[in-house]
Amino acid sequence: MSVTTTTHLNFRGDAREALTFYQSVFGGQTVLLTYADAHNVSDPAEAGQIMWGQVQAPNGFHVMAYDVPGHQTYSPGDKPVFVSVRGTDEAELTTYWKGLSDGATIVQDLGPAGWSPLYGMLKDRFGVTWVLDVAVAFAQ
């Protein structure tokens with residue numbers, strides 16, 4: 001059996017815009033299924049919102065998202081989840097950082113850290129916190 005994990009982000013009306021943005025940063029293909037597409041509309045004003053969506057790229061990047069319907073509670077919280085993007089290519093990570101930085105709040109600027117030659121943290125324009133770093137081997 002093979003298992004993978006994928007970050008699934010929850011939004012209130014911004015899932016389409018967020019997934020489109022992430023595709024512009026990481027590449028790959030975007031799949032968007034609206035509540036209308038799924039014949040699961042509880043509020044006509046939300047028919048075009050995303051019931052399920054994803055961006056999946058050949059480089060291994062994969063994120064899913066949806067719009068929490070108005071009849072359900074939704075509170076994004078302050079730090080409910082970080083999306084971690086780890087790699088070995090500093091240039092590739094720097095490219096992702098530059099893309100995600102558009103409209104973002106920088107928490108920790110991209111640069112050397114005590115545990116990695118390249119590390120940075122930002123909160124993107126959709127309120128999602130991203131951590132990018134070069135993966136290094138640690139002694140166990």
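# Exposure, contacts and ring pairs

Q: Why is H39 called exposed?
A: H39 has 75% relative accessibility. Exposed means over 50% relative accessible area, buried under 20% and partly exposed in between (1.4 Å probe, protein chains only). The value is over the exposed limit, so H39 counts as exposed. This is a predicted model: local features need pLDDT of at least 70, side-chain atom pairs count only at pLDDT 80 or more, and totals for chains, interfaces and linings use all residues. Residues are numbered from 1 along each chain as its sequence is written, and side-chain values use heavy atoms, leaving out hydrogens and water.

Q: What makes the backbone of H39 stand out, and where is H39 found?
A: Its phi is near 55°, a positive value in a residue other than glycine. H39 sits in the loop between strand 2 (29-34) and strand 3 (50-56). Strands here are DSSP runs of E with at least two residues; helices are runs of H or I with at least four; both are numbered from the N terminus.

Q: Why is L32 called partly exposed?
A: The relative accessible area of L32 is 28%. That falls between the buried and exposed limits, so L32 is partly exposed. L32 has its place in strand 2.

Q: Which residues does L32 contact, leaving aside neighbours within four places in sequence?
A: They are R16, L19, D37, I50, W52 and G53. Contact means heavy atoms within 4.5 Å. R16 is 16 residues from L32 in sequence, and their C-alpha atoms are 7.3 Å apart.

Q: How do you know that T34 is buried?
A: Its relative accessible area is 9%. This is under the buried limit, so T34 is buried. T34 also lies in strand 2. Neighbours within four places aside, T34 is in contact with R16, A47, G48, Q49, I50 and M51.

Q: Why does G87 count as buried?
A: G87 has a relative accessible area of 19%. The value is under the buried cut-off, so G87 is buried. G87 has its place in strand 5 (residues 82-87). Beyond four places in sequence, its contacts are L93, D133, V134 and A135. D102 is 15 residues from G87 in sequence, and 21 Å away from C-alpha to C-alpha.

Q: What makes T129 a buried residue?
A: Its relative accessibility is 5%. That is under the buried limit, so T129 counts as buried. T129 is found in strand 8. It touches V81, F82, V83, M121, L122 and K123, not counting residues up to four places away.

Q: How many aromatic pairs does a search of the whole structure find?
A: There are 10. A pair needs ring centres within 6.5 Å, for rings of Phe, Tyr and Trp (its six-membered ring); planes under 30 degrees apart are stacked, over 60 edge-to-face and the rest tilted.

Q: Why is the pair of Y22 and W130 called edge-to-face?
A: The planes of Y22 and W130 are 65° apart, and the centres 5.1 Å. The distance is within the pairing limit and the angle over the edge-to-face limit, so the label follows. Y22 is in helix 1 (residues 15-26) and W130 in strand 8 (residues 129-134), 108 residues apart, so the pair links distant parts of the chain. Both Y22 and W130 are buried.

Q: Why is the pair of F26 and Y96 called tilted?
A: F26 and Y96 have 45° between their planes, and 4.4 Å from centre to centre. The angle fits neither the stacked nor the edge-to-face range, so the pair is tilted. F26 lies in helix 1 and Y96 in helix 2 (residues 90-100), so the pair ties together parts 70 residues apart in sequence. F26 and Y96 are both buried.

Q: Which residues do ring pairs link into a cluster?
A: The cluster holds F11, F21, Y22, F26, F61, Y96, F126 and W130.

Q: How do you know that R125 lies over the face of F21?
A: R125 is 3.9 Å from the ring centre. The rule asks for NZ of Lys or CZ of Arg within 6 Å of the ring centre and within 35 degrees of the ring normal. The distance is within the limit, and R125 lies over the face of F21.

Q: How are the elements of the protein chain ordered?
A: From the N terminus they run β-α-β-β-β-β-α-β-β-β. The chain has two helices and eight strands. Of its 140 residues, 36% are buried.
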